[in-house]
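Ready for some practice at reading a protein structure? Grab a pencil, take a look at the picture, and work through the exercises below one at a time.

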Amino acid sequence: MTDVYQIAGDIGSPYSMKMRALLRYRRLPFIWCQINPKLREEITHVKPPVIPVIKFPDDGIWHVDSTPMAYELEAKHAGQRSIIPDDAGLSFLSHLIEDMADEWMTKMMYHYRWWREPDQKFCSYWLAVSHTGFAPEEATLAVAEFVRERQVSRLALVGSTETTKPIIEESFLEVVDIFDHHLRENRFLFGSRPSLADFGVFGQFSQLNHDPTSQGIIREKSPRFSSWIDQLDDASGLEEGEWIDPTQSLPLSVIRLLKMAGDVYLPFLIANAEALNKGEETFSVTLMNRMYQQGTFKYQLKCLNWLREEYSQLQGAPKERVDLVLSETGCLPFFSQKPEHSA
Ligand SMILES: N[C@@H](CCC(=O)N[C@@H](CS)C(=O)NCC(=O)O)C(=O)O
């Protein structure tokens, strides 16, 4: 049992599902532990206080934060069904899309889960059952009510309001359409094997494909995408695949996702960074010709810096290819600035 990872997370947590799927695909032995009060106590020292956390068998320490954990696992198990494309340029683009999934698509997840009454009702109860470990009905209902009130009250803070609703919902429909078309001819974003980007999208959509309203939309618009999401949950049996040829043009879907990064995600990250630098608690930015507003998040400034750091390390032909695609998709200007190391 010494080589076995232990992952503590929640079936209602997109980042937990992302990491569980990643461990399965990579055939790294692990035990899945649904988070419960006892486990919560065991991990109170882990900062930031988020799930999933993974106890690595080699150091016996709980690690946190899905993206750094994914890269740590790469370093430890290089060559074993890696999810990082060999080409540095494709690897950067995969990270950019994953980051957009983690920080922007998560707004779709949160919005659909907590905006409408039927979703609030189902999701709060469903989450309460797992949080309490099947407590009796009365206790479950009390936890459900608590969770519902807390999550609904945070909608505006994370950017979901009457004004921003069309931005988030249109952006969601765009992702569904992108994947519906992509999956008619391709298996994953960067080839016949899944990348970090695929797992990022999977994490958020594991929930969107489950919660009532968004599930209904995905089922209607793209049963193909729905099946892809369900299958990536356990791709341990998937045969070895290939990365796309980095010298060839990228799939249209990747271009469309990068265009979303250029039009929406990167302007959002920059507006957040500028507001944080001015010490502001909220920010607004025009996205898709509408006003978008939310609270500032320090973590999202970190994300911007990581991306800029990775971009600054590109060189030679991969950099030339990346610059061309970033320029075509409106992303390049956001990488002209160097990462802020003080952040
Ligand atoms: N950047 C982190 C985000 C993890 C995260 O936000 N997890 C949520 C659950 S999905 C959480 O633990 N939130 C704190 C809470 O709900 O109390 C990652 O990628 O792992």
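**Exercise 1: Around the ligand**

The shell around the ligand is made up of four nonpolar, three polar and two charged residues. Here Ala, Val, Leu, Ile, Met, Phe, Trp, Tyr, Cys and Pro count as nonpolar, Asp, Glu, Lys and Arg as charged, and the others, Gly among them, as polar. Before you start, know that this is a predicted model: local features need pLDDT of at least 70, side-chain atom pairs count only at pLDDT 80 or more, and totals for chains, interfaces and linings use all residues. Residue numbers start from 1 along each chain as its sequence is written.

Task: find which residues surround the ligand, and which elements give two or more of them.

Step 1. Use the cut-off: a residue is near a molecule if its C-beta atom, placed from the backbone, lies within 6 Å of it.

Step 2. List the hits: Ser13, Pro14, Tyr15, Val50, Ile51, Asp65, Ser66, Thr67 and Asp102.

Step 3. Match them to elements. Helix 1 (14-25) and helix 3 (66-76) are the ones that give two or more residues to the shell. Helices (H or I, at least four residues) and strands (E, at least two) are DSSP runs, numbered from the N terminus.

**Exercise 2: The whole chain**

Task: describe the fold in numbers, and work out why its radius of gyration agrees with a compact globule.

Step 1. Count the elements: the protein chain has 13 helices and six strands.

Step 2. Get the extent: the C-alpha trace spans about 60 × 50 × 45 Å along its principal axes.

Step 3. Apply the globule rule, 2.2 Å times the number of residues to the power 0.38, with the radius of gyration taken over C-alpha atoms. For 343 residues the rule gives a value near 20 Å, and the protein chain has 20 Å, so the two agree.

Step 4. Check burial. A residue is buried if 20 or more other C-beta atoms lie within 10 Å of its own, exposed if 12 or fewer, and partly exposed in between, with C-beta atoms placed from the backbone. Buried residues make up 40% of the 343.

Step 5. Look at contacts (C-beta atoms, placed from the backbone, within 7 Å). Of those with a separation of 6 or more, 74% link residues 24 or more positions apart.

**Exercise 3: Domains and cores**

Task: say how the chain is divided, and which residues touch the most others in the largest nonpolar core.

Step 1. Split the chain into domain 1 (5-76), domain 2 (88-111 + 160-335) and domain 3 (117-153). These bounds come from an automatic or database domain assignment.

Step 2. Compare domain 1 with domain 3: their centres, taken over C-alpha atoms, are 23 Å apart. Five residues of domain 1 are in contact with four residues of domain 3. On the domain 1 side, that's one nonpolar, three polar and one charged.

Step 3. Recall that a nonpolar core is a set of buried Ala, Val, Leu, Ile, Met, Phe, Trp, Tyr and Cys residues joined through C-beta atoms within 7 Å. The largest one has 83 residues, and Met100, Ala261 and Tyr265 touch the most other members. Helix 4 (residues 88-114) gives the most to this core, 15 residues. Domain 1 and domain 2 each supply at least three residues to this core. Apart from this core lies another, of five residues, including Cys123 and Val147.

Step 4. Zoom in on tyrosine 265: leaving aside neighbours within four places in sequence, its contacts are Met100, Trp104 and Met260.

**Exercise 4: Backbone oddities**

Task: where are the cis peptide bonds, and which residues have a positive phi although they are not glycines?

Step 1. One cis bond joins lysine 47 and proline 48, with omega about -5°. Another joins isoleucine 51 and proline 52, with omega about 5°. Proline 48 sits in the loop between helix 2 (37-42) and strand 3 (53-55), and proline 52 lies in the loop between helix 2 and strand 3.

Step 2. Arginine 81 has a positive phi of about 50° and lies in the loop between helix 3 and helix 4. Methionine 288 has a positive phi of about 50° and belongs to the loop between strand 5 (282-287) and strand 6 (290-295).

Step 3. Classify both. Arginine 81 has 17 other C-beta atoms within 10 Å, so it's partly exposed. Methionine 288 has 15 C-beta neighbours inside 10 Å, so it's partly exposed.

Terms used:
Contact = placed C-beta atoms within 7 Å.
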